[in-house]
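User: Could you walk me through this one? I'm new to reading structures, so plain talk is welcome.

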Amino acid sequence: MTEQDFILKSYNSNIESGSVKWESPSNIALVKYWGKKDHQIPENPSISFTLSDCKTITEITFTKRDPSAVLKVTPSFDFDVYFEGKKNEAFKPKIQTFFERIETYMPFLRDYHFKIETSNTFPHSSGIASSASGMSAIALCLMSIERLLSTDVISTERSMSDEKSHFNQKASFLARLGSGSACRSIEGELVVWGKNESIAESSDLYGVKFEGDVHSNFNNYQDTILLVDKGEKQVSSTVGHQLMYGHPFAQERFKQAHENLAQLKTILASGDLDEFIKIVENEALTLHAMMMTSMPYFILMKPNTLEIINKIWAYREKTDSKVCFTLDAGANVHVLYPQKEQDSVLEFIKNELIRYCQNEHYICDQIGKGALQINS
Ligand code: PMV
């Protein structure tokens, strides 16, 4: 697949109005994407668990614009954004940029007014990035609109199963242009993004469902998110990715991600949780090490992040647990563990870890199956 394959060539814009709705989950990377080239092409491949309960729910209502008002110049996209029922101006610039980036592939964007109504299942200021779930939800809604406008074209050109895979691929392709990691939120349960030799179908352009063998140890894998710091991110991921330009360790890091992904593929098949832990924790700490050694440099962990990590290590030492942690580009900790340890690890979290969370807040989630269309 190339970018050209995602350009919608002809469509029927006689449809006056309609509405589509999707819920799309967040995801947590096991091998991290950190560093990108132009057009949101990743410097290294990544793989993530799709989450189940941390989701964005988005409805887009589209209404045909008066053709004389549709000037083919920027900023002629016409949309309003509502977040949790209230009009939200703050989200508009990001969506404007997103529309500009995807217009080549969705030429109908200027023909309609879009009312975008969105909400999250997790608290807004929780320090959980909503860009993956948010951007993937919008991308999926736009794909559903594209499908409504182009039914004839699709039915003659592709079979149903090809159509479903094209739909998911293009949704992921578009989501990537909104926020890189969002391309891993369309499907479950494990998604790879970025070309890697060990995964034949992998691509830099979109995320693909991991089709390798996955051992039953990973069934319903648990992710409890400990909210150590609910504030605004100290470094946006845009700035973070830029810090990898000219970073003294960048090339080695990109190479390591390729190797870790290839190894993880074997580990997912064998179910070796000790080896799983080594890769996942090493990836989290490497991501933070990259930020600590960039110029300018940042420490995104908080003292309580380290307290939690040390407690997890001590608990593993003391028990036979396979609990481990991973981190995003912030202070919050994702505690990962097998479903069969659910009761004991939750007990441990409540007794020993939540004291390090802001207002003792944490969110229980688990590996999920991907986005779902909701009938409006
Ligand atoms: O999708 P972005 O640009 O917000 O980058 C996300 C990067 C990490 O969350 C730190 C790692 C990842 O692979 O999700």
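Here are a few questions and answers on this predicted model.

User: Into which domains is the protein chain divided?
Analyst: The split gives two parts, and one of them is made of two separate stretches of the chain. That one is domain 1 (3-211 + 369-375), and its partner is domain 2 (226-366).

User: How much area do domain 1 and domain 2 bury between them?
Analyst: Their C-alpha centres lie 27 Å apart. The contact takes 36 residues from domain 1 and 39 residues from domain 2. Carbon and sulfur atoms carry 68% of the buried area, and the total is about 3,000 Å².

User: Which three residues supply the most of the area that domain 1 buries against domain 2?
Analyst: No other three residues beat this trio, which supplies 27% of that area. They are L30, K32 and W34.

User: How many salt bridges does the rule find across the interface of domain 1 and domain 2?
Analyst: Polar contacts do turn up there, with twelve residue pairs counted between the two domains. Salt bridges are another story: the rule finds zero.

User: What share of the ligand's exposed area does the protein bury?
Analyst: Let's start with some of the polar atoms around the ligand. A backbone N or O atom of Y33 lies 2.9 Å from a ligand oxygen, while a polar side-chain atom of R184 lies 2.7 Å from a ligand oxygen. S237 also puts a side-chain N or O atom 2.7 Å from an oxygen of the ligand. Taken alone the ligand exposes 380 Å², and the share buried by the protein is 92%.

Key: Residues are numbered from 1 along each chain as its sequence is written. This is a predicted model: local features need pLDDT of at least 70, side-chain atom pairs count only at pLDDT 80 or more; totals for chains, interfaces and linings use all residues. Side-chain values use heavy atoms; hydrogens and water are left out. A polar contact is a pair of N or O atoms within 3.5 Å; within protein, one must be able to donate a hydrogen and the other to accept it, and residues adjacent in sequence count only if both atoms are side-chain atoms. Accessible areas come from the Shrake-Rupley method with a 1.4 Å probe; for residues, only the protein chains shown count as cover. Domain bounds come from an automatic or database domain assignment. Contact means heavy atoms within 4.5 Å. Buried area is the accessible area (1.4 Å probe) that two parts lose on being put together, summed over both. A salt bridge is a side-chain nitrogen of Lys or Arg within 4 Å of a carboxyl oxygen of Asp or Glu.
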